[in-house]
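Hi,

Here is the structure you asked about. Please open it alongside this email.

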Amino acid sequence: MKFNDMPYQRVAFDETVQQYEELETAVRAAQTPEDAMAALRALDDMGTRVNTMYSLAYIHSTKDTDDEFYAAERDYYDEVGPKLGEYAQKLELAFLQSPHRAALEREIGPLYFSNLEIAQRTFSPAVIEDLQEENRLTTEYQKLMASAQIGFDGKTLTLAQLSPYHRDPDRAVRRASMQARADWMLAQSERLDALFDELVNVRARVADKLGYPSFIELGYDRMTRNCYGPREAARFRETVRAHIVPLAAKLKEKQASRIGVERLTHYDDAFEFPDGNPKPTGTPEDIFAHGKAMYHELSPDTAEFIDFMLENELFDVLTRKGKAGGGYCIYLPAHKSPFIFANFNGTSDDIDVLTHEAGHAFADYQNRDVFPSGLMSPTYEGCEVHSMSMEFFAWPYIEGFFGPQSGKYRFMHLSGALTFLPYGTMVDEFQHLVYENPAMTPKQRNDTWLALETRYRPWLDNDFTFYGEGRRWQAQAHIYERPFYYIDYCLAQSVALSFWSLCQKDPNDAWSRYMRYTSLGGTQPFTQLVEQSGMPSPFGSDALQEAARTAAAWLEANEV
Ligand code: ZN
């Protein structure tokens with residue numbers, strides 16, 4: 001079904017509660033494993049309906065943040081979502097306590113239930129009001145960031161529309177555009193400080209009520225981290241600091257001399273080549289036409305997938321006033337359809353839509369028939385492997401997007417994959433420090449960020465008041481909206497770099513391992529997915545170092 005034909009109807013609270021209660025009774029009364037399985041199927045069908053409506057409301061409200069109808073629907077779900085949680089929890093508990101659990105596990109594996117056990121810990125009716133408050137605060141953050149109307153270059157621009165100017169070959173334009181961004185952010189700083197303060201408080205309160213020592217443990221449970229904990233994450237960050245930061249510093253030093261500046265600032269950071277970063281050569285139509293050709297050449301599975309996406313108009317990529325920033329891929333279970341949202345801006349980011357976001361969508365499409373649907377997708381770091389690796393599998397076809405600038409694109413992509421790691425792990429460490437010390441003042445949080453900058457990105461000058469005060473983190477939506485969602489990108493990058501490295505030796509073997517990984521969907525924990533597809537674990541002693549060494553050698557040999 002085409003996206004615009006998908007009907008939307010609000011999920012009615014009373015009716016849904018009634019269905020949860022009926023199902024709970026059915027599970028408790030199940031005489032045979034077949035009865036219990038039938039209840040599990042009914043629960044799955046219900047989830048399909050609820051999630052589809054929620055996702056539709058989400059998509060429509062981000063397509064147009066001024067749309068009052070869908071904004072009200074979002075507010076409604078922010079409000080009833082936590083209340084429904086109470087009934088969902090009771091029903092899930094009935095499954096966990098069912099005498100037929102072992103029989104069900106024989107059919108669908110144990111992971112579904114162990115993930116439910118984690119979810120049980122993250123909720124109790126005592127925190128409903130707190131969760132509603134948390135929802136309101138994150139929605140307010142999203143609205144505030146989307147509301148930016150910045151006068152620049154004779155236009156009125158959103159934050160997303162301003163970004164391409166930060167990569168302009170004219171340093172004065174880069175500087176002025178970054179100043180405009182920093183000034184706008186600084187003008188919001190009081191609200192941004194207060195919002196985050198309220199978020200930290202409410203999260204600490206929820207953790208306390210649920211009996212967690214701090215929000216960190218709850219944050220991990222909310223991410224359904226079922227195969228590693230804070231200790232493993234800390235060790236990974238250590239590897240990044242010891243082995244990736246020095247490598248990134250060297251790459252950044254070379255970048256500075258390539259573009260002819262003494263020291264990199266925030267307005268130089270994304271500017272890679274003196275004559276400008278590689279840009280897509282065609283129109284959005286050309287980009288989609290080549291994307292289609294690429295997926296047709298890559299494999300029969302990806303060919304079927306891209307045809308489905310295009311036929312059903314499952315992309316919204318053009319930037320408009322009032323459209324929310326950023327990009328995402330979301331799944332509409334009732335239609336077995338992924339949907340991709342982006343803001344094309346004429347830079348190489350546009351190609352990511354067809355490589356990164358489409359990587360997520362491909363995995364969803366591949367696993368559309370998995371039952372229960374809770375096992376369709378792995379946890380987030382597992383999902384980011386789908387997308388970040390797909391970016392590298394697109395390399396042989398990159399000429400169709402960048403023409404003569406393809407060499408520059410590959411160089412920038414690979415070096416960016418390495419230099420991203422310090423930033424990504426810094427965001428993770430920041431969140432650990434913040435939630436370890438929930439009483440920190442806003443000023444202490446900013447100071448913490450600045451101290452991390454000197455450890456993780458010592459090459460970067462923090463000019464302009466916004467950066468100088470250590471506020472860069474306030475522009476990182478995940479920190480407000482999805483706590484502890486960030487190390488995921490770094491762990492996934494480690495696996496993606498291993499795929500890249502294998503591609504250099506044996507692309508067919510790399511693709512077949514990728515398909516093995518992707519076809520497992522979410523039926524295994526992340527570390528198992530990696531192991532079963534024959535890839536080295538990012539928590540292993542040297543997977544990241546090994547891949548980074550190969551990448552560094554490639555960058556040395558292919559410097560543009
Ligand atoms: Zn992603």
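Below is what turned up, starting with the metal site.

Keep in mind that this is a predicted model.

Zinc site. The zinc ion is coordinated by His-356 (NE2), His-360 (NE2) and Glu-384, which appears twice through OE. The distances run from 2.1 to 2.7 Å. Along the chain, the donors of the zinc ion follow the spacing H-x3-H-x23-E. His-360 sits in helix α14 (residues 349–366) and Glu-384 in helix α15 (residues 380–393), so this pair ties together parts that are 24 residues apart in sequence.

The geometry is irregular, with angles of 52 to 147° among the 4 donor atoms. Four donors count as tetrahedral only if all angles lie between 85 and 135 degrees.

Are these two residues buried or exposed? His-360 has 12% relative accessibility, so it counts as buried. Glu-384 is at 3% and also counts as buried.

Nonpolar core. The largest one has 185 residues. Those with the most contacts inside it include Phe-95, Phe-196, Phe-315 and Leu-414. Helix α17 (residues 406–436) gives the most to this core, with 13 residues.

Look at Phe-196 in particular. Leaving aside neighbours within four places in sequence, Phe-196 is in contact with Val-434, Tyr-435, Arg-445, Trp-473, Ile-479 and Tyr-480.

One polar pair. Gln-545 belongs to helix α24 (residues 543–557). Its side chain makes a polar contact of 3.5 Å with the side chain of His-243. Not counting residues up to four places away in sequence, Gln-545 touches Thr-239 and His-243.

Best wishes

Note on methods
Residues numbered from 1 in each chain as written. Predicted model: local features only at pLDDT ≥ 70, side-chain atom pairs only at ≥ 80, totals over all residues. Heavy atoms only, no water. Donors = N, O, S within 2.8 Å, 3.2 Å for Na, K, Ca; no water. Tetrahedral: all angles 85-135°; square planar, octahedral: opposite > 155°, others 65-115°. Helix = DSSP H or I, 4+ residues; strand = E, 2+ residues; numbered from the N terminus. Buried < 20%, exposed > 50% of the residue type's maximum accessible area, 1.4 Å probe, protein only. Core = buried A, V, L, I, M, F, W, Y, C linked by side-chain atoms within 4.5 Å. Contact = heavy atoms within 4.5 Å. Polar contact = N/O pair within 3.5 Å; in protein donor to acceptor, adjacent residues only side chain to side chain.
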